[in-house]
Each structure stands twice: as C-alpha cells, then as structure tokens.
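Visitor: Could you walk me through this one, and tell me each time how you know?
Guide: Happy to. Let's put it up and start with a term.

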Amino acid sequence: MLPRVADSLSFLYLDKVRVVQDDTGVCAQIQTGDNRTDLVYLPTAALSCLLLGPGVSITTPALTTLARHGTSVICTGAGGVRAYAAILPDSLTTHWLEQQVATWTDPHRRLAIAKRMYQMRFHDDELPDTITLEQLRGMEGQRMKSLYKILAQQHGIGRFRRNYHPDQWHAQDPVNLALSAANTCLYGIVHATLLALGLSPALGYVHTGTQHAFVYDIADLYKARTTLPLAFALHQSTNPEQEARRRFREDLRLLRLLPSIVQDVQTLLSPKATDTHTPTPDTQDPSERHDGQMVHLWDPAAGTLPAGVNYATGDA
C-alpha cells in the first residue's frame with residue numbers, strides 16, 4: 001500500500017547529482033574526488049516532494065517512477081530558492097479540485113475562505129460580517145509588521161524590513177536570505193501537498209495572478225511559527241541559506257507539518273472534512289478504489305453518474 005500524503009516525508013533537496021533508475025530503485029549518483037561513483041537510493045514511495053537544484057540531471061525512467069509513487073518533482077534555483085517548474089502525478093481524482101473551483105468562482109464563498117485563513121493565522125474567533133478583502137489585507141499587514149518588530153527585539157536586531165531582490169541576492173542581510181530559503185522549502189512542501197490532493201496551485205483566494213497563488217495562501221498559515229522564527233535566529237549566520245534549509249528540515253520532525261496542511265486545506269474547502277485519518281478518494285491507495293470512484297460522468301440533472309456504463313437506449 002502506498003502511504004497517504006499526510007504520512008509522507010517532507011522534502012529532499014538534491015544538487016550536483018545524476019538521478020537514475022536501476023534494477024533496485026531510483027538513486028542519486030554522486031561523483032567523488034577519486035573518480036568513484038557513490039549511490040544513494042531515494043525513498044520514492046514515502047517522499048512527498050523532490051527539489052532538483054540546477055546541478056541535477058534526471059532520466060525519464062526515474063521521473064516515471066517518481067510520478068507513479070505520487071512524488072512531486074520541482075525544479076528550483078541554487079540552494080532550493082525559487083521554483084521554475086513542477087511535474088505532478090496523474091493518478092488523482094478531482095474531488096477536492098471541484099470543491100476548490102466551486103468556492104473560488106463564488107465571490108461570497110471565496111471571501112469566506114479568505115476570512116477563515118485570517119482566523120487560522122491570527123486566531124481571531126470573530127470578524128465583522130461586513131469586512132472586505134482589502135480590510136483583511138490591511139489587518140494582515142499590521143499583524144506582520146508587529147511580528148517582525150517583536151522578533152527583531154527578541155534577537156537584538158535593529159529595524160527589520162522584508163526585502164526580496166533576486167537580482168541583488170547576495171547583498172541582502174542574513175535574515176532575509178534565511179527567510180527566502182526557508183520559505184522556498186515551505187512552498188515546495190505545500191505545493192507537493194496540494195498536487196497530491198489533486199488541487200490547483202494557481203487558484204488562490206487571497207493571492208492571484210501566478211501559478212503558485214494557492215501555494216502562497218496556504219504557506220502563509222505557517223510562516224509565523226516556522227520560517228520566521230528560524231530566519232531571525234540566523235541573523236548572525238555566515239551561511240544563512242544552507243543553515244535555514246537544514247534546520248527547517250530538522251524542525252519538521254517536531255512540527256508534523258504535512259498532516260496539518262492536509263487537514264487545514266480540507267477544512268478550508270469543506271469545513272466538515274476535518275478527519276484526515278478517514279480515507280477519502282484522494283487519500284486512499286489508488287489500487288483500492290473502484291473504477292467508478294476514480295472517474296465519473298457529469299449530468300446536469302442527476303449530478304454525477306458511474307463511468308464505464310453504456311447509456312445507449314434502443315437499437316441505435
């Protein structure tokens with residue numbers, strides 16, 4: 001049985017290796033200084049997201065195995081910073097995607113989900129019914145400025161300002177470098193989880209205009225307790241990007257982030273779906289599903305109908 005996405009490992013970043021498929025499995029070939037080749041086998045069936053740095057080459061058979069096991073493959077920049085392209089598995093149903101589209105296209109339901117996101121981030125029990133998305137953005141901005149100020153004071157840093165300038169990357173301070181690196185790892189995990197649930201990363205409720213809009217929406221739920229404290233703790237680091245990735249990965253063992261993402265996304269899209277331990281069409285092993293559950297037909301009057309049925313009438 002394949003593991004559910006909530007039980008998968010978080011992510012693995014590779015660079016300067018060749019990823020191939022051999023008789024045993026998918027492995028990374030590493031050239032050593034004495035012209036030897038070391039092999040490191042990858043846990044493809046239990047890996048949620050594979051980040052490929054610019055020094056990686058990968059073969060088609062290896063990609064096929066990763067896709068079959070439901071592992072998302074994301075091509076990134078150096079150090080895992082910035083995501084350029086992604087390859088996702090094709091063995092998914094559209095249950096949660098249909099929920100996402102239905103709420104995204106309805107302005108009232110879309111605003112309701114944006115409100116729930118804000119409440120999940122800042123633990124506000126109630127918001128005025130008349131609040132607008134613009135007001136929510138303003139409130140979110142004030143909360144984040146306050147958080148930056150608190151973290152800066154805790155670590156003895158002067159005034160902090162969030163900057164992200166890829167064209168001036170190495171001119172930035174350690175906190176901004178560490179935050180960008182850690183955020184990219186977080187985006188990779190969120191992206192992989194959304195793809196594993198069959199959702200569209202492009203249909204965001206607060207962010208818009210990018211193929212990763214929903215990724216940014218969901219990642220924002222966790223930055224205050226994951227990447228932000230980590231980045232400020234590295235304000236004196238001489239290699240903040242590498243340390244941010246390493247420590248973020250270590251912290252994930254305690255945070256149990258993947259199950260939280262699955263549960264939070266399902267709760268946002270369908271508030272009744274709060275039990276991630278109950279098998280759903282998107283968390284079951286594909287081999288256990290009936291064909292009628294994997295593919296169905298849409299009917300304007302009856303809703304959904306079983307697939308694989310001949311609906312012809314008469315002798316036509």
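Guide: Contact here means heavy atoms within 4.5 Å. Among contacts in the protein with a separation of 6 or more, residues 24 or more positions apart account for 58%. This is a predicted model, in which local features need pLDDT of at least 70 and side-chain atom pairs count only at pLDDT 80 or more, while totals for chains, interfaces and linings use all residues. Residues are numbered from 1 along each chain as its sequence is written, and side-chain values use heavy atoms, with hydrogens and water left out.

Visitor: How many helices and strands does the protein have?
Guide: The secondary structure comes to 10 helices and 10 strands. Helices (H or I, at least four residues) and strands (E, at least two) are DSSP runs, numbered from the N terminus.

Visitor: What makes helix 9 largely enclosed by the rest of the structure?
Guide: Buried means under 20% relative accessible area, exposed over 50%, and partly exposed in between (1.4 Å probe, protein chains only). In helix 9, 10 of the 13 residues are buried, so the helix is largely enclosed. Among them are Leu257, Pro259, Asp264 and Gln266. For the protein as a whole, 41% of the 316 residues count as buried.

Visitor: What span does helix 9 reach, and what is expected?
Guide: The expected span is 1.5 Å times one less than the number of residues. Helix 9, residues 257-269, reaches 18 Å from its first C-alpha to its last, close to the expected 18 Å.

Visitor: Why are helix 5 and helix 9 called oblique to each other?
Guide: Two packed helices are described by the angle between their axes and the distance between the axes. Axes are lines fitted to C-alpha atoms, for helices over the stretch in contact, and angles run from 0 to 180 degrees between N-to-C directions. Under 35 degrees counts as roughly parallel, over 145 as roughly antiparallel, 65 to 115 as roughly perpendicular, and the rest as oblique. The axes of helix 5 (residues 174-196) and helix 9 cross at roughly 55° and come within 10 Å, so the two helices are oblique.

Visitor: Which residues meet there?
Guide: From helix 5, Leu186, Ile189, Val190, Thr193 and Leu194 meet Leu257, Leu258, Ile261, Val262 and Val265 of helix 9.

Visitor: How do you know that Asp220 forms a salt bridge with Lys223?
Guide: A salt bridge is a side-chain nitrogen of Lys or Arg within 4 Å of a carboxyl oxygen of Asp or Glu. The closest N and O atoms of Asp220 and Lys223 are 3.1 Å apart, so the pair fits the rule. Both Asp220 and Lys223 are buried. By this rule the count comes to 4 salt bridges.

Visitor: What about Glu250 and Arg246: buried or partly exposed?
Guide: Glu250 has 37% relative accessibility, so it counts as partly exposed; Arg246, with 42%, is partly exposed too. They form a salt bridge, the closest N and O atoms being 3.5 Å apart. Both lie in helix 8 (residues 240-255), 4 residues apart, about one turn of the helix.

Visitor: Why is Leu255 called partly exposed?
Guide: Its relative accessible area is 24%, which puts Leu255 between the two cut-offs. Leu255 is found in helix 8 and, not counting residues up to four places away in sequence, touches Arg225 and Thr226. Leu255 and Thr226 are 29 residues apart in sequence and 8.4 Å apart in space, C-alpha to C-alpha.
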